[in-house]
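Q: Could you take me through one part of this model up close? I'd like to hear how two of its helices pack against each other, and then whatever you can say about the sheet.

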Amino acid sequence: MFIDYFVNFYVRLQLSYSMPVTEGVFILCALVLTNRFECRPRYFLRIFVHLLLFWTALILIKSVANYFGLGLMTYIPAVAALLYALLFGNRPFGYRMFDIVYYLVVHVFSTSFAKSCGALICTAAGAAYTEWMASLSLTVGRIVLFVGFTALAKLLSMEKAGRIAGYYYVFAAFILVVAYVAQLIVDNIKDFTNGLINPTETEYAPFVFFVGLLLYILAALSYYSCWYQTSRRRAGETLEEEMGYIKEKFEAERDMRDLSRDNLEEMRKIRHDIKNQFAYMRIILEQNKYDELREYFDSLSDRVAVPLSFSDCENRVVRDVLNLEMGKLPKDVTIDYKVAVGAELAVGDIDLTALLINLLDNAIEACERDRVTGAIELRMRETDGYLFVSVYNPVSDEAKARKVFAGKTSKSGADHGYGTKIVAAVVEKYRGVINYTVEKGRFGAEAMLALNK
């Protein structure tokens, strides 16, 4: 059964060479649409193996359908491509399914449309529409449609545009249904009109061409509209994130001013207190009460604790952020920092501020929430054109700490909840990576940013 079908239609070409050629191109384009492109031999080998397996499975299914006289040959490749996209593609599920649905719109009317193009060309040239011309127009027309849409989908990549809205899938499915209904009408126009309309293929070509052209324009405009709206929405989200960076920077500068004012006031108090203490010790000294002076001095040394928070760093942004975050530390929590970066970094001040503040804020909030004491470790270094930033904080419950992987924070309110998202956006902007770990009683956030933008 399988051998007979294969020999008749793929070797002897009883339906002309157009069927195996266009079927192969259709499968290849479906594989390209549902898999991420990689310029590596492994990618091309994978596509080739999938092409052979896909095509073999398709021929088997079609041979069974032919044996039982089901007459659904036109729709079997479309169903097979949909199932492949559903089960095997390595692109994110939503994106590959969206593209394959639009691809099926192109496929469903491609045969009728390609034939009509050949018939119109022959009519315009005054030539007979022979079987040879029909095969040629069918082959060229379908290949152009398949390759053309694949190029369009790669050029206007929905995956790069952003997250696809749910109702876009509904609209794509609606257009696919319209395409199938149009194909059904074209294929059965004689039966629908009880034989009143019984045109030849050449006479019917303008109507088929017009319907197909409208259908493809509708599909192309719809796809472009979805891509455009998705890109605009992502641009709006990016702008919102950038506004979040700016707001974070302004808040950081305001907090730094408050911290400096508090430290200055504290220094004035200490200065006033020291002045009084020195005056008292001078009186004791003038009375030659050395033992009493020694006891007083020892007790004073134990009692006085300078409550100032200050760090020194060559990089102004890092220094300001550290001083700000030290002012937020709960009791018995410190920041242990080792920073090996220059005064100038190829990272915008707003981006660097947003990255450090959100990483340190998350660590401080975790210590407060879990009532953990100890040191929050900050490590920064600049090496070979990359900036490495890591923040570690102690945790009491490792399972609870892993929730941060889901992008959750303990903040609430309209102005919060963006911490992890902002960190991810900064890392993506500088073509970097962010990695979260939980091990040995510590939660770690490790980021790498490329400085040679």
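A: Going by this predicted model, the α3 side of the contact is made by H50, F54, L58, I61, K62 and A65, and these meet I76, P77, A80, A81 and Y84 in α4. Sort those contact residues by type and you get 9 nonpolar, 1 polar and 1 charged. As for geometry, α3 spans residues 41-67 and α4 spans residues 76-87, with axes that come within 10 Å and cross at roughly 135°. That angle makes α3 oblique to α4, and the crossing is right-handed.

Now the sheet. It's an open one with 5 strands in the order β1-β2-β3-β5-β4, and the pairing is mixed. β1 and β4 (433-439) sit at the edges with a single partner strand each, so one side of each has no neighbour in the sheet. On average, neighbouring strands are turned by 10° against each other, ignoring direction.

You can see the mix around β2 (residues 374-383): β2 runs parallel to β1 (residues 333-340), joined by 8 bridges, with K338 opposite R379. With β3 (residues 386-394), β2 pairs in the antiparallel sense over 7 bridges, and there M380 has V389 as its bridge partner.

Helices come in here too. α13 (residues 316-326) lies across β1 and β2, at about 175° to β1. α14 packs on the sheet as well, touching β1, β2, β3 and β5 (442-450), and its direction makes about 15° with that of β3. Together with β1 and β2, α14 (residues 349-370) also makes a left-handed β-α-β unit.

Notes: Residues are numbered from 1 along each chain as its sequence is written. This is a predicted model: local features need pLDDT of at least 70, side-chain atom pairs count only at pLDDT 80 or more; totals for chains, interfaces and linings use all residues. Side-chain values use heavy atoms; hydrogens and water are left out. Axes are lines fitted to C-alpha atoms, for helices over the stretch in contact, and angles run from 0 to 180 degrees between N-to-C directions. Helices (H or I, at least four residues) and strands (E, at least two) are DSSP runs, numbered from the N terminus. Angles under 35 degrees count as roughly parallel, over 145 as roughly antiparallel, 65 to 115 as roughly perpendicular and the rest as oblique. A crossing is left-handed if the near helix is turned anticlockwise from the far one by less than a right angle, and right-handed if clockwise. Contact means heavy atoms within 4.5 Å. Ala, Val, Leu, Ile, Met, Phe, Trp, Tyr, Cys and Pro count as nonpolar, Asp, Glu, Lys and Arg as charged, and the others, Gly among them, as polar. Two strands pair if DSSP finds at least two bridges between them. A crossover is right-handed if, with the strands pointing away from the viewer, the path from the first strand over the helix to the second runs clockwise.
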